[in-house]
Amino acid sequence: MAPPPSMAAASDRAVPGADATEASSLRLRRAPSADAGDLADDSSGDRRENGEPQPPQEQQQQHEMLYYRASAPAHRRVKESPLSSDAIFRQSHAGLLNLCIVVLIAVNSRLIIENLMKYGLLIRAGFWFSARSLGDWPLLMCCLTLPVFPLVALMAEKLIRRKLIGEHVVILLHIIITTSVIVYPVVVTLKCDSAVLSGFLLMFLASIMWMKLVSYAHTNYDIRALSKSTEKGAAYGNYVDPESMKDPTFKSLVYFMLAPTLCYQPTYPRTTCIRKGWVTRQLIKCLVFTGLMGFIIEQYINPIVKNSKHPLKGNFLNAIERVLKLSVPTLYVWLCMFYCFFHLWLNILAELLCFGDREFYKDWWNAKTVEEYWRMWNMGVAILVSFLVSAVFHEICIAVPCHIFKFWAFSGIMFQIPLVFLTRYLQATFKNIMVGNMIFWFFFSIVGQPMCVLLYYHDVMNRQAQASR
């Protein structure tokens, strides 16, 4: 039965615009995060009785009410599962990363407890300091006399600035200086039966000084050539920064030899002050991670290598088992070393010297190919030269203190050249940036470092056994 006219009229007066409201309630809902265009379209009908638009807050409330209506569709477009191959790299994996960290902490805590129960505490005072280190005074004297070579390089630059010697003479002097700075500590180390750690530190410092002196000679040569060009009216003379054309001085040389960089320039970007509290915190971190490296070496790596055989002479499966068992502790030691030296120590030096540019490394851990890894380390594109120079200095820093020249370190670095082409090919074939990254980590941490540790350890033990006969 239809309502009386009076009741219908009353109803119409009580609920004005009822048809519009009903039509609005039947509209498909949209998510609260719908784009602005959709909200603008939907809000075109959301007006008050007097024709004025509703405030945005009221419109948002109405949209949220519509969004949770049972009649609103939940499936609106084609979407992939978060872990599908097309969508996995567009997702945030912060939760899974946190899970991996928790699992790593739990697993490594169990391994530490198991190792302590099996071997006890193996840390020895001799790892940090031994009576044999006191007998390495020839290496100490060699280290203290290394600053003579930069001074001679400065004298050579002063002589050519005053035009007392020619360009060919100064180049020859720099070649002699840079060669001597490597040959001198090599001869001293080989003549003395010193501790491996002492020899490594000396060769490491000598290698750094060699690279600094090469940059010093090269940069000053280029400054002289640029000065001559600008004097002749070269077009790019107006773009040369006068600060980068200064003559070398004793102060600039000392700062360069102490600064955390291998690239010489007369001036550097500087900070305004030294944060003493920050330096203290970084030093504490450096000590903690150095202690962690010593703990891992003494507690894990030493027992494993002592219970192993030469990987190229023993059982093949046994060698694989030892390499895989060594892979985790050697990776931890390498990562701690990277963090201690390339992050903590270089930043401490930079802070004490007010050195401004502190991009000492890039995100090499995300390298998609071996080639990209080396570019991130060396900040250059001369990949083959980087491989060769790096291989030579790795061999010098390891083989000379060990008194063994088997070229294991050199071969390990140069072996990465075929990996450059392999990772390029696989990345192009599978169209996946993670394939090259996984291959890089596999050969770098699972195979390369543990194999080198085993090879050098057994060669050193064999040399010491033959020397004691």
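# Exercises on a predicted chain

His403 counts as buried because its relative accessibility is 19%, where buried means under 20% relative accessible area, exposed means over 50%, and partly exposed lies in between (1.4 Å probe, protein chains only). The model is predicted, so that local features need a pLDDT of at least 70 and side-chain atom pairs count only at pLDDT 80 or more, while totals for chains, interfaces and linings use all residues. Residues are numbered from 1 along each chain as its sequence is written, and side-chain values use heavy atoms, with hydrogens and water left out.

## Exercise 1: The chain as a whole

Describe the secondary structure of the chain, and state what percentage of its residues count as buried.

Solution. Begin with the secondary structure, which comes to 18 helices and zero strands; helices (H or I, at least four residues) and strands (E, at least two) are DSSP runs, numbered from the N terminus. Next, turn to burial: of the 469 residues of the chain, 33% count as buried. Finally, consider the contacts (heavy atoms within 4.5 Å): among those with a separation of 6 or more, 73% come from residues 24 or more positions apart.

## Exercise 2: Two residues with positive phi

Compare the places of His403 and Phe407 in the chain, and decide for Phe407 whether the residue is buried, partly exposed or exposed.

Solution. Start from the general background that most residues other than glycine have a negative phi. His403 is not a glycine, and yet its phi is positive, at about 60°. Phe407, also not a glycine, has a positive phi of about 60°. For the places, His403 lies in the loop between helix 15 (383-402) and helix 16 (408-414), and Phe407 is likewise found in the loop between helix 15 and helix 16. For the last step, Phe407 is partly exposed because its relative accessible area is 46%.

## Exercise 3: Tyr255 and its surroundings

Locate Tyr255 in the secondary structure, and find which residues it touches beyond four places in sequence.

Solution. Tyr255 belongs to helix 11, which spans residues 250-258. The residue is buried because its relative accessible area is 15%, and the other buried residues of this helix are Ser252, Leu253, Phe256 and Met257. What covers the buried residues of helix 11 includes helix 8 (148-161) and helix 10. Leaving out residues up to four places away in sequence, Tyr255 touches Tyr268, Arg270, Leu353, Cys354 and Phe355. Look now at Leu353 in particular, which is 98 residues from Tyr255 along the chain, although their C-alpha atoms are separated by 8.0 Å. The side chain of Tyr255 reaches the backbone oxygen of Leu353 at 2.9 Å.

## Exercise 4: A buried glutamine

Find the polar contact that the side chain of Gln299 makes with another side chain.

Solution. First place Gln299, which lies in helix 12. Gln299 counts as buried because its relative accessibility is 0%. Its side chain makes a polar contact with the side chain of Asn115 at 2.8 Å; such a contact is a pair of N or O atoms within 3.5 Å, where, within protein, one must be able to donate a hydrogen and the other to accept it, and residues adjacent in sequence count only if both atoms are side-chain atoms. Apart from residues up to four places away in sequence, those that Gln299 touches include Asn115, Leu116, Tyr119 and Ile123.

## Exercise 5: Aromatic rings

Classify the ring pair of Tyr216 and Tyr264 from its centre distance and plane angle.

Solution. Rings of Phe, Tyr and Trp (its six-membered ring) pair if their centres lie within 6.5 Å, and planes under 30 degrees apart count as stacked, over 60 as edge-to-face and the rest as tilted. By this rule the count comes to 15 aromatic pairs. Tyr216 and Tyr264 are 4.8 Å apart centre to centre with 70° between the planes, which makes the pair edge-to-face. This pair links distant parts of the chain, with Tyr216 in helix 10 (residues 196-231) and Tyr264, 48 residues apart from it, in the loop between helix 11 and helix 12 (276-306). Both Tyr216 and Tyr264 are buried. Elsewhere, ring pairs join Phe200, Phe204, Trp334, Phe338, Phe341, Phe342 and Tyr361 into a cluster.

## Exercise 6: Cysteines

How many disulfides does a search of the whole structure find?

Solution. With a disulfide taken as a pair of cysteine sulfur atoms within 2.5 Å, the search finds zero. Cys286 is in no disulfide, and its nearest cysteine sulfur, that of Cys340, is 4.5 Å away. Cys286 is buried because its relative accessible area is 14%.
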